[in-house]
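Grab a coffee and work through these short exercises with the model open beside you. Try each task before reading its solution.

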Amino acid sequence: MKNDWWVPSKWDYETDVLVCGYGCGGSAAAIDAHDAGAEVLILEKMPKPGGSVAESGFVIMASETSAQKKFGIEDSADEFYKYLVASGGGFVDPKLMRIIADESASLIDWLIGLGLPYDNGDVYQSGAEIEYEAAAKPAPRGHRLPFTIPNYVAWDSIVKQVEKRGIQTMCNTRAMNLVADPKTKEVFGVKALKDGKEVYIRANKGVILATGGFNWNMDLMKAYLPEYVDCWTIVPPGAEGDGLIMAQRLGCAITTISMRPDMNPGLRGKAIYPDRDLPFAAGWARFAAAPRGPGIFVNTDGKRFVKEMQFYDLFCPAIVRQKGCKCFAIFDEDARTVDNTIDQFIGYVFQSKHFEKEIAAGDMKQVDTIEQLAKIVGCDAAALKATIDKWNTDVANGVDTEFGNDQWLMPIKKPPFSIAELRPATTDAVGGVKINENAEVIDLEGQIIPRLYAPGTLSGGWKGQIYPGSGWFMSGGFTFGRIAGKKAAASKPSKIE
């Protein structure tokens, strides 16, 4: 068949609901479509499911939940919604934010029902609610699992729920093109590559594109997010904008695609991921989150440039503005060995369980003098010494006179001194396909593209000026995945004339 828009002479597979992408949104769509009575098939381009969600912290941002009530936290979906709209800075679709806020409590209960004990974890303030308290009442909304449950175990719980339902999954199968009516744009299925072989898959009720962002596609990064091509990323391989490209061929509308991605200070991750490398910048990253403890950031001039202790999505843009899109975390041996209770999280620069491996891999370095630190930074030794002297004086006086840090005020005096190059490490780029409240894809004329859905980070309109807080992408991905699955399952089978 030469025309990818029209139907093939023969379908190789047939199902009710076809889900392209087996991550956060895709798994939720598959589970709820199946539970609504539909036959479901999942395509995953990588050898195994998961993508970003499998390496996430499994935090869920939610309000009015059973977990909040258990811990005596007062909150409401209305206040959550106000915060989401305010932090969106005028770029988000209020209707989408309303849905995520209103559905978040039931999302937590749904996840608990799937075997993820959020009611036995904890709830913390994971975002920038304090900065927006004039618009909405702050409350802890980041729902964490117990620390005894690592992320891979959490994701395995989701996979087991898919397997328990007997949902068919095809890994090593990449969706390449939508098969649709060229006049009405009604979607009937996809053309895919299964183990390198071209196959056509009929979807009687709908196609759900849950393929994630495009961090690994440099053409798309340069087109939509050119400021961030020198950042690192924690997104695993596979996020190449497949769904975005397919939807654009059908004339989908795009929204908020150039909003800056969620970022956290990233430490080059050669010690953790020796077999991975990026097609750009200097290498795979893992979150370092250095400002969560003692230490300072300096730029390539050896000067501090930002308040280190603030919400990560507020200070990472300051790193982007520095020469080379990079900075250096510096701390001394007392800081590295301090009793840091926050170290229950994996991946902090100091006290990291990987520290020795990071030294051996070159991700981190230790030296004995400020002059040696300056050589690594690439700056004048006198300039760096002045910065550190100023910091030490402020610490002695108990006041950060430059940027107002009021936590982890510890001097940098005791060698060996630890130093690491950090860059913003991005999570999924916000894909930007425009959707409505049913996760249906909208075209350039504002019309629904029939039988096409786009939950998760492929879609735009629900992340604006800043990332609202840890767990936000999981909340939106699961929520609109569930909505897409139920909506597609409820559709009448299509007819091809």
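## Exercise 1: a ring pair

Tyr132 has a relative accessibility of 18%, which makes it a buried residue (buried is under 20% relative accessible area, exposed over 50%, partly exposed in between, with a 1.4 Å probe and protein chains only). Before going on: this is a predicted model, where local features need pLDDT of at least 70, side-chain atom pairs count only at pLDDT 80 or more, and totals for chains, interfaces and linings use all residues. Residues are numbered from 1 along each chain as its sequence is written, and side-chain values use heavy atoms, with hydrogens and water left out.

Task: work out how the rings of Tyr83 and Tyr132 are arranged.

Solution, step by step:

- Start with the criterion: rings of Phe, Tyr and Trp (its six-membered ring) pair if their centres lie within 6.5 Å, and planes under 30 degrees apart are stacked, over 60 edge-to-face, the rest tilted.
- Now apply it: the centres of Tyr83 and Tyr132 are 5.9 Å apart and the planes meet at 70°, so this pair is edge-to-face.
- Next, place the partners: Tyr83 belongs to helix α4 (residues 77-88), while Tyr132 is in the loop between β4 (122-124) and β5 (142-144), so to speak a link between distant parts of the chain, 49 residues apart. Helices (H or I, at least four residues) and strands (E, at least two) are DSSP runs, numbered from the N terminus.
- Check burial: Tyr83, at 1% relative accessibility, is buried too.

## Exercise 2: other rings

Task: find which residues the ring pairs link into a cluster, and which charges lie over a ring face.

Solution, step by step:

- The structure has nine aromatic pairs.
- Ring pairs join Phe80, Trp462, Tyr467, Trp472, Phe473 and Phe480 into a cluster.
- For charges, NZ of Lys or CZ of Arg must be within 6 Å of the ring centre and within 35 degrees of the ring normal.
- Arg98 sits over the face of Tyr81, 4.5 Å from the ring centre.
- Arg144 does so over Tyr124, at 3.8 Å from the ring centre.

## Exercise 3: empty space

Task: describe the lining of the largest cavity and of the second largest pocket.

Solution, step by step:

- Rolling a probe the size of a water molecule over the atoms shows where empty space is left.
- On a 1 Å grid over the protein atoms alone, a cavity is a set of points where a 1.4 Å probe fits but cannot get out; a pocket is an open set with protein on both sides within 12 Å along at least five of seven lines; lining residues have an atom within 4 Å of a point.
- Grid points are joined across faces, edges and corners, and a volume is the space filled by probe spheres set on the points.
- There is one cavity of 30 Å³ or more, and the largest has a volume of about 40 Å³.
- Glu103, Ser106, Leu107, Thr479, Arg482, Ile483 and Lys486 line the largest cavity; α14 gives the largest share, four residues.
- The second largest pocket has a volume of about 180 Å³.
- Its 13 lining residues include Arg268, Gly362, Asp363, Lys365 and Glu421, which lie nearest the centre.
- Strand β16 (residues 417-426) supplies the largest share of that pocket lining, three residues.
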